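Q: Please take a close look at the paired charged side chains, one pair at a time. Then set them beside the open and enclosed spaces of the model.

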Amino acid sequence: MSDKRDKKKSKAIDWVEATLSEFDGVRFLHLDSIWVQGAMRVKKPEKLELEYVQRMMAWMLWRDARELNQGLAVQLGLGAGALSRFCRKQLKMKTTAVEINPTVIAACRHWFHLPEDDERFRVVNEDAGQWVADAANWGTAQVLNIDLYDHEAAAPVLDDEAFYADCRHVLADGGLVTVNLFGRSASFARSAARIAKVFGSDQVWHLTPTREGNTVVVAGRGVQVPSREVLEQRAAHIEQRHELPARKWLKLVRPLPMNIINQIRE
């Protein structure tokens with residue numbers, strides 16, 4: 001019986017192959033489909049090319065500018081490595097990316113300037129759900145970026161209360177998570193309600209959707225919301241220092257709508 005189990009364990013998984021395309025100076029990552037999994041401007045690999053990926057950095061508004069480079073940033077879903085490169089290079093944060101598909105990791109190493117592992121950066125080839133459920137990872141991250149989609153991009157791969165509860169466990173006190181909600185079968189109201197049930201409705205915000213339909217949700221673990229004046233100062237600092245449209249983010253941030261809050265209370 002042990003031989004059969006060993007053979008079963010050693011059987012290679014048939015991963016969807018990562019592929020790429022290029023247009024007008026931008027390199028795109030795909031999973032053998034038309035759906036874009038990530039992008040990089042070839043001549044500016046450290047910049048965040050896609051609008052929704054830029055908005056995944058909106059957590060910076062909730063954090064003191066003096067603390068932006070402190071702690072660990074974790075990405076669940078590597079994509080084209082844009083957030084990982086940015087957190088490591090621009091913010092100089094200790095950074096960990098969790099990606100289940102080894103062909104995506106290889107593609108990012110070869111085509112998307114993803115650095116090799118070192119004392120400040122590592123890529124973990126693991127299922128994101130298992131990684132956040134591992135108590136060894138709880139309380140370790142100040143920032144958690146979640147962008148988990150398969151080749152069909154119909155809805156988030158992991159999107160239930162148990163998963164979001166584990167994500168909250170991964171955050172240290174005062175930590176922040178951003179979630180990309182997108183897909184033909186995705187439901188903002190359903191997903192946002194699940195996130196709010198875990199984090200609390202007063203700890204969840206969202207940005208209005210991009211033209212492509214990506215809605216970024218921001219949730220905090222015991223985050224103190226600063227005054228409008230402080231938020232505007234932070235946004236100006238982010239724009240000047242990191243060339244991200246943070247003042248636009250401020251105009252797009254919304255609390256959860258009442259229909260979702262009422263759904264949580266039921």
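**Charged pairs and spaces**

A: Start with Glu232. Its relative accessible area is 42%, so Glu232 counts as partly exposed. The range for that class runs between the 20% limit for buried and the 50% limit for exposed. One caution belongs here: this is a predicted model.

Glu232 has a partner, Arg228. The two form a salt bridge, and their closest N and O atoms lie 3.6 Å apart. Both residues sit in helix α8, four residues apart, so about one helical turn separates them. Arg228 has a relative accessibility of 46% and is therefore partly exposed as well. This pair, then, stays within one helix, α8.

The next pair joins two helices. Lys197 and Glu161 meet through their side chains in a salt bridge, with an N to O distance of 3.9 Å. Lys197 belongs to helix α7, residues 188-199, and Glu161 to helix α6, residues 161-170, so the contact ties together parts 36 residues apart in sequence. A salt bridge here needs the nitrogen within 4 Å of the carboxyl oxygen, and the pair's distance is 3.9 Å. On accessibility, Lys197 is partly exposed because its value is 42%. Glu161 is partly exposed too, at 37% relative accessible area.

A third pair involves a strand. Asp173 and Arg221 share a side-chain salt bridge, 3.6 Å from N to O. Asp173 lies in strand β8 (residues 171-181), while Arg221 lies in the loop between β10 (215-220) and α8 (228-242). The two are 48 residues apart, and the bridge links distant parts of the chain. Asp173 has a relative accessible area of 71%, so Asp173 is exposed.

Glu51, Arg55 and Lys248 go beyond a simple pair. These three are linked in a network of salt bridges. Across the whole structure, the search finds 14 salt bridges. Why do such pairs form? Side chains of opposite charge can pair when their charged atoms come close.

Now the open space. The largest pocket has a volume of about 950 Å³. Its lining counts 47 residues, and those nearest its centre are Val36, Gln37, Tyr52, Asp147 and Tyr149. Four elements give two or more residues each to this lining: β2 (26-30), β3 (36-41), α2 (51-55) and α3 (82-90). The largest share, four residues, comes from β3. By class, the pocket lining has 26 nonpolar, twelve polar and nine charged residues.

Next, the enclosed space. The structure holds one cavity of 30 Å³ or more. The largest cavity has a volume of about 30 Å³. Ile146, Leu148, Tyr149, Pro156, Leu158, Val179 and Asn180 line the cavity. Six of the lining residues are nonpolar, one is polar and none is charged. Tyr149 appears in both places: among the residues nearest the pocket centre, and in the lining of the largest cavity.

Finally, confidence. The average pLDDT is 90, and 91% of the residues score at least 70. Residues 1-11 stay under 50 in pLDDT, and the model gives this stretch zero contacts beyond four places in sequence. Where pLDDT is low, the predicted coordinates should not be read in detail.

Technical notes. Residues numbered from 1 in each chain as written. Predicted model: local features only at pLDDT ≥ 70, side-chain atom pairs only at ≥ 80, totals over all residues. Heavy atoms only, no water. 1 Å grid on protein atoms, 1.4 Å probe; cavity = no way out; pocket = protein on both sides within 12 Å on 5 of 7 lines; lining within 4 Å. Points joined across faces, edges and corners; volume = space filled by probe spheres on them. Nonpolar A, V, L, I, M, F, W, Y, C, P; charged D, E, K, R; others polar. pLDDT = per-residue confidence, 0-100. Contact = heavy atoms within 4.5 Å. Buried < 20%, exposed > 50% of the residue type's maximum accessible area, 1.4 Å probe, protein only.
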